[in-house]
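Take a look at the model below and turn it slowly on your screen. We will visit a metal site and then a pair of packed helices.

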Amino acid sequence: MSNLRDELIEHGILADGGAPGLYHRGGAFENVVSGIEALFRSLDPYDSPRWVMSPVTTAQVLVDTDYVESFPQLMGLLDGFHGDAREARTLADTAHDGGEWWQQLDATGLALRPAACHGLYPLLAGRQMPPGGGHYEISATCFRHEPSDNPARMQTFRMQEFVVVGTPEEARAFRDAWLERALDAHRSLGLVVEAEAANDPFFGRASQMMSQGQLEKELKFEIVAPIAQETPNAISSANYHEDHFGTSFAITTSTGVAESACFAVGLERSALALFRRHGVEVSSWPTDVAARLGL
Ligand code: ATP
Ligand code: ZN
Ligand code: MG
């Protein structure tokens, strides 16, 4: 198999962003991303209100969602310069001399957003969800510090998520229905996909136990497809959070603490799987696939 990353860059579909996992996206890539996003939106049975979350969050949200203990290795926090003119000169001199000028910066209290739906729960804090649950379409540009030469593993990428916050039954049913719907949708685009039980890469000593629990309770399923390597990658995931966010943000239903579930479409990964499957010339993609994506 030829190297997908090189091929995409040669054809101007992606451009190297200057560090592993950073890319600029060409028009052809963006058209495919927009098509995927519109296709999944058309499958949403709830006509959910749509929010594009800020790509930058307060660092406190990483604490409130327990991201700090679960995935500290993936976080990206923002520093800023708070000094005076003299310190600014020292900083610039250090920088131009190849020194560690970032040592002269301080925390801003801001972080890059690691997951789209984590922007929603703070907005619902303290609220009671209506009967049937609250349904939302949430998207965001996310950052995860996992540099790689595999184009499927970017450091910034977009997620389109469909989220429910409601009773345990509503959360589970929502998650299962999206998994089926999405398998069909990816297959309608010619992708060879499978659903697998999965776990998150929890950090540290508790990781084994957390991952095992997630697998045993079948909290996470991934839809996988081949991208740049023989081992397929997750192009979307269906996640049942139990009452994790409901408890953290005091969200309720008429019967107790709210539970939640999300179905997350990895927009870049889904587009990459299509380029892998149908080739780098979008004009020669099967006409039914092109039509479904509005290309
Ligand atoms: P992986 O196991 O591949 O690291 P994940 O379990 O961390 O994926 P989720 O947290 O479920 O992924 O994120 C939802 C979706 O976002 C994934 O199914 C995938 O399509 C996409 N995604 C996750 N990490 C990346 C990344 N580094 N680059 C591009 N897309 C990603
Ligand atoms: Zn989510
Ligand atoms: Mg991951």
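Along the chain, the donors of the zinc ion (ligand 2) follow the spacing C-x43-E-x100-C. In this predicted model, the zinc ion (ligand 2) is coordinated by Cys-117 through SG, Glu-161 through OE and Cys-262 through SG, at 2.0 to 2.3 Å. Cys-117 and Glu-161 link distant parts of the chain, as they are 44 residues apart. You can find Cys-117 in the loop between strand S6 (106–112) and strand S7 (134–143), while Glu-161 belongs to strand S8 (residues 156–166).

Are these two donors buried or exposed? Buried means under 20% relative accessible area, and the table shows how each of them fares.

| Donor | Relative accessible area | Class |
|---|---|---|
| Cys-117 | 3% | buried |
| Glu-161 | 1% | buried |

Now for the helices. Two packed helices are described by the angle between their axes and the distance between the axes. Helix H2 (residues 27–43) packs with helix H6 (residues 168–188) at an angle of about 135°, and their axes are 11 Å apart. Angles of 115 to 145 degrees count as oblique, so H2 and H6 are oblique to each other. Their crossing is right-handed.

Which residues of H2 and H6 meet? From H2 come Leu-39, Phe-40 and Leu-43, and from H6 come Trp-178, Arg-181, Ala-182, Ala-185 and His-186. Sorted by class, the contact of H2 with H6 has six nonpolar residues, one polar and one charged.

Key:
Residues numbered from 1 in each chain as written. Chains lettered and ligands numbered in written order. Predicted model: local features only at pLDDT ≥ 70, side-chain atom pairs only at ≥ 80, totals over all residues. Heavy atoms only, no water. Donors = N, O, S within 2.8 Å, 3.2 Å for Na, K, Ca; no water. Helix = DSSP H or I, 4+ residues; strand = E, 2+ residues; numbered from the N terminus. Buried < 20%, exposed > 50% of the residue type's maximum accessible area, 1.4 Å probe, protein only. Axes fitted to C-alpha atoms, helices over the stretch in contact; angles between N-to-C directions. Parallel < 35°, antiparallel > 145°, perpendicular 65-115°, else oblique. Left-handed = near helix turned anticlockwise from the far one by under 90°. Contact = heavy atoms within 4.5 Å. Nonpolar A, V, L, I, M, F, W, Y, C, P; charged D, E, K, R; others polar.
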